[in-house]
Amino acid sequence: DATMIISNGGSGDAMLRFDYEGSNTDRARIGVSSSAQQLEFFTAGNNERMRVDSSGNLLVGKTTTALGTAGLTFGGAGFASLTRDGAEPLNVNRLSDDGKLAVFYKDGTEIGSLFTNGSALVLKGNNASAPVQIQTVDGNEDIEVDPDGFIKMETAGSEALRIDANQKLLIGDSASHTSDLLQIETPASGGGHGIQIRRNDSNSDQGVGRVMFGNNTDTELASV
């Protein structure tokens with residue numbers, strides 16, 4: 001094998017330097033600093049721009065993998081970290097047509113994506129039997145969009161509301177027992193009202209609410 005060696009001669013840095021037209025101006029350098037085990041890249045003099053550290057991590061604009069330091073890290077273990085001070089650390093731009101902006105995988109299988117649809121930003125799952133969820137840290141509160149045709153909300157670990165595949169709104173239950181569009185089920189014990197309408201004051205001589213009954217022709221056939 002043949003190897004070209006750039007040595008520091010026993011002390012100092014070992015660098016390959018690029019000058020401009022014999023002006024002896026330090027335009028750029030590639031090499032290893034004294035006692036370091038990393039490859040460093042400099043431009044415009046003594047300004048380090050990038051390095052490959054001793055662990056195989058690629059660092060751009062920073063000299064440490066610390067997340068709190070501005071710059072870009074591509075880790076040798078297969079991760080990427082982006083940190084920017086005072087502005088967005090990531091811009092994703094798709095040109096010309098609608099489609100996926102970012103795709104997410106689990107064990108090599110696509111599980112979902114972020115994509116554009118006209119001027120809308122869409123989060124879409126890729127499993128016909130698994131929902132898309134937004135959850136709190138303990139998982140007890142969530143909003144779930146299910147491919148079986150319903151949307152539900154959970155609070156304190158229990159389902160609180162659902163819009164089913166027939167566009168019925170169910171509160172306090174997960175299945176419709178009637179043909180009504182709105183179904184409210186109160187607890188089996190502990191009392192409580194299905195619907196309560198009240199004013200946000202203590203006056204007793206004013207109307208507290210109104211329920212109107214009508215159709216497409218007459219919006220008020222009767223009222224309570």
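**Briefing on Met153, Ser35 and Ser96**

Met153 belongs to strand β13, which covers residues 150–155. The model described here is a predicted one, and the points below deal with the setting of Met153 and then with two serines, Ser35 and Ser96, for each of which phi is positive although the residue is not glycine.

**Met153 in strand β13**

- The relative accessibility of Met153 is 37%, and Met153 therefore counts as partly exposed, since that class lies between the limit of under 20% for buried residues and that of over 50% for exposed ones.
- When neighbours within four places in sequence are set aside, the contacts of Met153 are with Asp142 and Ile143, and also with Ser158, Glu159, Ala160 and Leu161.
- Val137 stands 16 residues from Met153 along the chain, and the separation between the C-alpha atoms of these two residues is 15 Å.

**Ser35, between β2 and β3**

- Ser35 is found in the loop that runs between β2 (28–32) and β3 (39–43), and its phi is near 65°, which is a positive value in a residue other than glycine.
- With a relative accessible area of 76%, Ser35 is exposed, because the exposed class takes in values over 50%.

**Ser96, between β7 and β8**

- Ser96 has its place in the loop between β7 (80–83) and β8 (99–106), and the phi of Ser96, near 80°, is likewise positive in a residue other than glycine.
- The relative accessible area of Ser96 is 86%, so Ser96 is exposed by the cut-off of over 50%.

Note on methods. Residues numbered from 1 in each chain as written. Predicted model: local features only at pLDDT ≥ 70, side-chain atom pairs only at ≥ 80, totals over all residues. Heavy atoms only, no water. Helix = DSSP H or I, 4+ residues; strand = E, 2+ residues; numbered from the N terminus. Buried < 20%, exposed > 50% of the residue type's maximum accessible area, 1.4 Å probe, protein only. Contact = heavy atoms within 4.5 Å.
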